[in-house]
Amino acid sequence: RILLFFLLSIERKCLSWCPPSPIQRVDRRPIPTASPPSTSHFLGYNNSFLSLSISNVSSFPDTGKSPIKDNETSLPLKKIFIRPQPSSNPKASSKPNSQNFTYLVHKGRAVDMIKRCVSVEGLNLSTGWTPQATQAFQLAIEAVVRKNPILTGKIIEKKSSPWPWSRRELHIIPNVYPPGSHSFVSVVEPPVDMVNPSDILRGNGGNTKELFEYVHSNVAPSLLGKPDFTVDQIRNGSPLFEAKIMDFGGGNAAYAIKMSHAVGDGTTFFQIVSQISSYMNGRDPAEINWDNPLKAEHEIYPPTFSERDYHRSYGLPFGWGLFKNIRTLSKRKCKYLLLSKEKISRKRKELRESNMENVGVNGACTDDKNTSLSDSISANDIIMSAICEMNGSADIFAFDRSIRGVKDGVGKSAAGNFFIEVPFEKEKGQCPFEIRKILTSESGSYFDTNEVPLMPFLNGRVGRITSLASVTHQATFPGTEVVCQFPSASFIRDLPLDVAVIFRFGKNHWGIMHNFKTVNESPLLEEILA
């Protein structure tokens with residue numbers, strides 16, 4: 001149990017110390033009286049740091065640096081958050097409190113696409129965890145949902161008429177699940193037969209491959225839920241945001257965070273995670289812009305697409321290909337690959353020094369124009385090329401490209417589904433420099449208008465690649481360390497098409513999660529496997 005916001009004071013008391021009342025509630029009479037906070041957001045303690053250990057307060061000079069060492073569990077706070085401060089935009093801050101207000105999140109063709117998306121979800125495994133860290137995590141989650149009322153809502157679908165072809169919109173009604181009466185954090189007890197992570201992490205962090213398998217086989221199934229599609233959230237009116245935490249004891253804990261894809265994409269998800277971490281460390285969180293006017297209008301396909309391109313990629317040919325692939329679901333198993341950052345760095349250096357001679361498959365990288373791209377080749381480019389090389393059941397891949405900071409009017413802080421799916425030929429993608437060209441192209445596309453081929457979509461030989469590595473953030477507490485991160489298999493589970501997800505596993509490793517029906521031998525993949 002944790003103290004309510006208004007009961008926070010310099011002196012902290014553990015509620016387990018207080019005797020329960022006859023109705024099993026905490027008897028608050030022994031708790032010292034606390035003065036109400038002077039502001040709605042922060043309660044300041046000048047030139048002092050509040051320790052979360054019971055009745056222990058230490059003062060330090062205000063040097064601008066934290067005196068807390070890595071192995072200490074005290075929380076260095078010059079400011080203790082009490083309530084999230086309203087938005088600096090009076091018009092925006094009054095909206096969620098207005099009667100009948102809703103967030104318009106999608107309309108047009110994007111509605112069908114978002115309804116078929118699953119929630120964005122992932123877990124972190126941390127060491128150095130304490131009960132105080134759990135309290136800070138719970139308080140930070142509540143602070144974030146109060147600061148971002150869209151997370152407290154439910155999704156509804158509005159139609160202009162009852163006809164199937166009528167124009168539809170997705171709206172989110174805020175405050176359906178108010179944080180005062182709804183808990184967004186669930187505490188999950190570890191299964192009795194689960195091995196404590198300390199047995200895996202002993203020594204110098206333990207064996208990474210053993211840890212990778214442990215998280216995949218034990219922690220992930222306990223914390224990460226089944227696929228949660230947007231269409232089900234509309235039907236059931238279920239919450240759009242939730243978190244779970246599992247404390248193994250011995251300073252080890254894992255937490256999972258899930259957000260509806262109707263709220264935003266992977267970048268939005270990690271913007272929220274960053275806010276959680278800021279609150280846990282006593283910092284002002286970066287603002288998230290939920291009011292970008294382009295959010296609802298944005299379509300999730302390249303601007304070069306014609307009507308023919310769109311219908312091939314998302315219409316009847318694509319639907320027929322998915323239908324044909326349903327019979328292959330039994331062959332699609334969720335698999336994980338662990339990659340070495342050190343080996344990828346060596347490969348990057350090798351590619352930069354090779355002058356792009358005879359790199360890749362079928363001479364795909366022999367274009368002289370690649371010389372100008374040698375300095376900008378990234379780890380993500382190499383991993384995507386390895387994915388294309390190892391895949392044997394797709395001819396077209398589409399990858400998610402964020403348009404933040406690229407499209408006019410869409411800034412880095414914009415929240416929502418600000419990405420486009422860019423299809424490209426898998427054979428070309430086997431060259432890292434071709435991947436770099438697509439990522440940096442001015443048109444934001446690979447195929448020109450009316451050039452999207454028909455047969456790969458009609459035959460179900462299409463796939464998708466999503467990279468979460470470049471936008472990853474962690475929620476940490478002073479004295480804790482995230483040793484690994486893991487995405488939810490709901491991204492790819494039971495999907496009748498080839499999907500791969502790139503993610504950061506730890507400081508020295510990347511990961512690939514995929515469900516490919518057919519896997520080929522890949523020399524490039526062999527070079528970068530851990």
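**Chatting through a predicted model**

Modeller: Let's start with a hairpin: β10 and β11 form one with two residues between them, and G250 in the turn has a positive phi of about 70°. Keep in mind that this is a predicted model.

Biologist: Nice. How many bridges pair strand β10 with β11, and in which sense?

Modeller: Eight bridges, in the antiparallel sense, with β10 covering residues 241-249. To find one of them, look at D247, whose bridge partner in β11 is A253.

Biologist: And what about strand β6, how many bridges join it to β11?

Modeller: Strand β6 (residues 120-127) is joined to β11 by eight bridges, and these two strands run antiparallel. There, L125 stands opposite A254 of β11.

Biologist: Is β11 mostly covered or mostly open?

Modeller: Mostly covered: eight of the eight residues in β11 (252-259) are buried.

Biologist: Which residues of β11 point which way?

Modeller: N252, A254, A256 and K258 point one way, while A253, Y255, I257 and M259 point the other way, and all of them are buried. In a regular strand, side chains alternate between the two faces of the sheet.

Biologist: New topic! What is the strand order in the open sheet of six strands?

Modeller: The order is β12-β18-β17-β15-β13-β14, and the pairing is mixed. The edges are β12 (335-340) and β14 (419-425); each has a single partner strand, so one side of each is left without a neighbour in the sheet. On average, neighbouring strands of this sheet are turned by 25° against each other, ignoring direction.

Biologist: How does β13 pair with β14?

Modeller: Strand β13 (residues 396-402) pairs with β14 in the antiparallel sense over seven bridges. In one pair of bridge partners, D400 goes with E421 in β14.

Biologist: Which strands does helix α5 touch?

Modeller: Helix α5 (residues 208-223) packs on the sheet and touches β12, β17 and β18 (509-514). The direction of α5 makes about 150° with that of β12.

Biologist: Let's talk rings. How many aromatic pairs does a search of the whole structure find?

Modeller: The search finds 19. Take Y446 and F447: their ring centres are 4.9 Å apart and their planes are at 85°, so the pair is edge-to-face. Y446 counts as partly exposed at 23% relative accessibility, whereas F447 counts as buried at 7%.

Biologist: Why is the pair of F486 and F505 edge-to-face?

Modeller: Their planes are at 80°, and over 60 counts as edge-to-face. The ring centres of F486 and F505 are 6.3 Å apart. F486 lies in strand β16 (residues 481-487) and F505 in strand β17 (residues 498-506), so the pair ties together parts that are 19 residues apart in sequence. Both F486 and F505 are buried.

Biologist: Which residues do ring pairs link into a cluster?

Modeller: F212, Y336, F486, F503 and F505.

Biologist: What sits over the ring of Y310?

Modeller: The charged end of R109, 4.0 Å from the ring centre. Also, R504 lies over the face of W510, at 4.7 Å from the ring centre.

Biologist: Last one: what pLDDT does the chain average?

Modeller: The average is 79, and 76% of the residues score at least 70. Among the elements of the chain, helix α15 (residues 523-528) has the highest mean pLDDT, 95, and strand β2 (residues 48-50) the lowest, 30. Over residues 34-94 the pLDDT is below 50, and over residues 356-364 it stays under 50. Where pLDDT is low, the predicted coordinates should not be read in detail.

Terms used: Residues are numbered from 1 along each chain as its sequence is written. Side-chain values use heavy atoms; hydrogens and water are left out. Rings of Phe, Tyr and Trp (its six-membered ring) pair if their centres lie within 6.5 Å; planes under 30 degrees apart count as stacked, over 60 as edge-to-face and the rest as tilted. Buried means under 20% relative accessible area, exposed over 50%, partly exposed in between (1.4 Å probe, protein chains only). Helices (H or I, at least four residues) and strands (E, at least two) are DSSP runs, numbered from the N terminus. A charge sits over a ring if NZ of Lys or CZ of Arg is within 6 Å of the ring centre and within 35 degrees of the ring normal. pLDDT is the predictor's confidence in each residue, from 0 to 100. Contact means heavy atoms within 4.5 Å. Two strands pair if DSSP finds at least two bridges between them. Axes are lines fitted to C-alpha atoms, for helices over the stretch in contact, and angles run from 0 to 180 degrees between N-to-C directions.
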